[in-house]
Amino acid sequence: MTSKEESSSTNNNDNNKNNTTTPLRPSIVLKHHHRTNQKLLSLPKSDLQSQIATRGDHLQEIKHAARSTNKLIRSNYSTFIHDVGRNVYPLIIFTDYEEDALSGVGSTLTLYREDGSVTQVSPALASLYEVYKSCSHIFMGLSIVIGPYLDNKSYSSNSEMTEDAPWRSSLTKFVQQVKVFRQSLINAAKVETSLVDDMNNLAIQEEKKDDEANSSDISNKGGLPPLEMRECMNKMLSSVIDYCEGCLSTGILDISKWEQLNQENFPRIKQSMKAATNAQADACVRQLISWRDMLGPIEWRELHCIIPTVWAVGAENPRKTMMRQLMDKDRIDTHIITSEYPRNHTEARTLLGRVVADRAIGRFVFGDETKDQRIKTMGLSSEVDVVQDDSLVAIWEAIKSNGCPVRQP
């Protein structure tokens with residue numbers, strides 16, 4: 001090859017190098033983070049092996065197999081109770097705290113039947129339940145607003161903090177709403193007065209009862225609270241408004257006056273609560289009886305009832321009391337389920353599946369021939385842990401062995 005050809009070949013090679021990406025040489029990788037690479041290469045193979053050997057020795061293999069088995073059982077169980085919960089009919093779910101449904105309306109009842117029909121009603125919604133209940137809660141509502149400041153002496157005495165007291169905005173908002181509530185009662189009284197005048201014009205043509213009876217009758221027909229209840233609620237609301245405005249004008253949360261306010265109004269609070277429960281009971285019981293008549297004695301006997309609740313009313317509440325009165329006596333303890341867990345109907349029906357499925361599994365798996373069998377079956381079928389009988393002994397032994405006295409249940 002001539003010098004000229006060699007020169008041309010060299011130029012072509014240079015051009016090719018410029019037009020293509022230079023391959024990454026292994027040496028570049030090794031030089032990068034030299035100290036880190038040295039550490040990585042010096043890691044003992046035994047450490048690396050133990051880290052990836054999740055099955056470990058024979059004992060670890062047993063534990064791993066047990067864990068995998070338990071995981072599979074739980075996965076199958078989750079699907080199982082979901083399906084069982086949708087295989088139990090008829091079913092009534094009471095809701096009063098569900099986020100996606102009406103809240104505080106004296107309960108919403110949903111009836112599920114085997115034919116796929118779903119009927120949902122809020123019986124007390126058309127009554128005055130909400131009016132009476134909300135009015136009786138006004139005093140608890142006030143305590144929530146001022147409660148955070150009860151121990152702060154700066155707000156219960158002259159402190160020259162009239163304008164920037166931190167409770168001022170929340171108390172102002174609260175009393176404004178109470179005023180709106182009271183004004184609605186005043187407006188109702190004006191409507192009733194007009195109706196009474198119209199009725200008096202007809203009194204010439206027929207004999208009338210006394211004015212108070214007329215007033216009450218007209219209120220009921222028009223859906224308004226009776227005169228007695230309107231007067232009761234007006235006094236409650238007015239006393240709260242007077243107290244709040246006094247606090248706002250002086251800049252002082254007078255705790256002694258607040259306690260006096262509560263004591264003076266307790267009879268009215270009680271009266272309002274009683275009126276609310278009367279409205280709720282009448283509406284809901286009539287609805288339940290109509291469903292009982294529709295289902296008939298055979299289907300009604302198979303009824304399950306789920307009552308999602310909150311801790312504050314988890315032990316006793318009107319919904320549970322109503323069902324106890326109307327369900328077959330021998331079904332009360334087994335077919336009424338109260339729980340704080342379910343937040344919606346989906347979770348409520350899965351809870352039902354858990355309860356019903358566990359009862360069946362307990363009976364079929366453990367049996368009921370011996371005392372120990374019956375204890376295990378009842379444990380799985382109730383609100384008692386299935387291992388409670390064994391764990392009690394184990395816990396007592398652990399307590400004693402660690403030098404602590406055992407407290408008998």
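Start with the whole surface. The protein exposes about 27,100 Å², and carbon and sulfur atoms supply 54% of that area. This is a predicted model.

Now colour by secondary structure. You should find 16 helices and five strands. Of the 409 residues in the protein, 33% are buried. Look at contacts too: among those with a separation of 6 or more, 65% are between residues 24 or more positions apart.

Next, select Leu40, Leu43 and Leu48. Together they form a nonpolar patch on the surface. Their accessible area adds up to about 270 Å². Stay on Leu48, which sits in helix 4, residues 45-52. Is Leu48 buried or exposed? Neither label fits: Leu48 counts as partly exposed because its relative accessibility is 40%, and that class runs between 20% and 50%.

Move on to residues 108-112, which are strand 2, and residues 118-121, which are strand 3. The two strands run antiparallel, joined by four bridges. Pick Tyr112 and find its bridge partner, Val118, in strand 3. Strand 2 and strand 3 make a hairpin, with five residues between them. Click Gly116 in the turn: its phi is positive, about 95°.

Last, colour by pLDDT. The protein averages 86, and 81% of the residues score at least 70. Then select residues 203-222. Here pLDDT stays under 50. The model has 16 contacts beyond four places in sequence for this stretch. Where pLDDT is low, do not read the predicted coordinates in detail.

Key: Residues numbered from 1 in each chain as written. Predicted model: local features only at pLDDT ≥ 70, side-chain atom pairs only at ≥ 80, totals over all residues. Heavy atoms only, no water. Patch = residues over 30% accessible without salt bridge, like charges linked within 9 Å, V, L, I, M, F, W, Y side chains within 5 Å. Areas by Shrake-Rupley, 256 points an atom, 1.4 Å probe, with all protein chains shown as cover. Salt bridge = Lys/Arg side-chain N within 4 Å of Asp/Glu carboxyl O. Buried < 20%, exposed > 50% of the residue type's maximum accessible area, 1.4 Å probe, protein only. pLDDT = per-residue confidence, 0-100. Contact = heavy atoms within 4.5 Å. Pairing = 2+ DSSP bridges.
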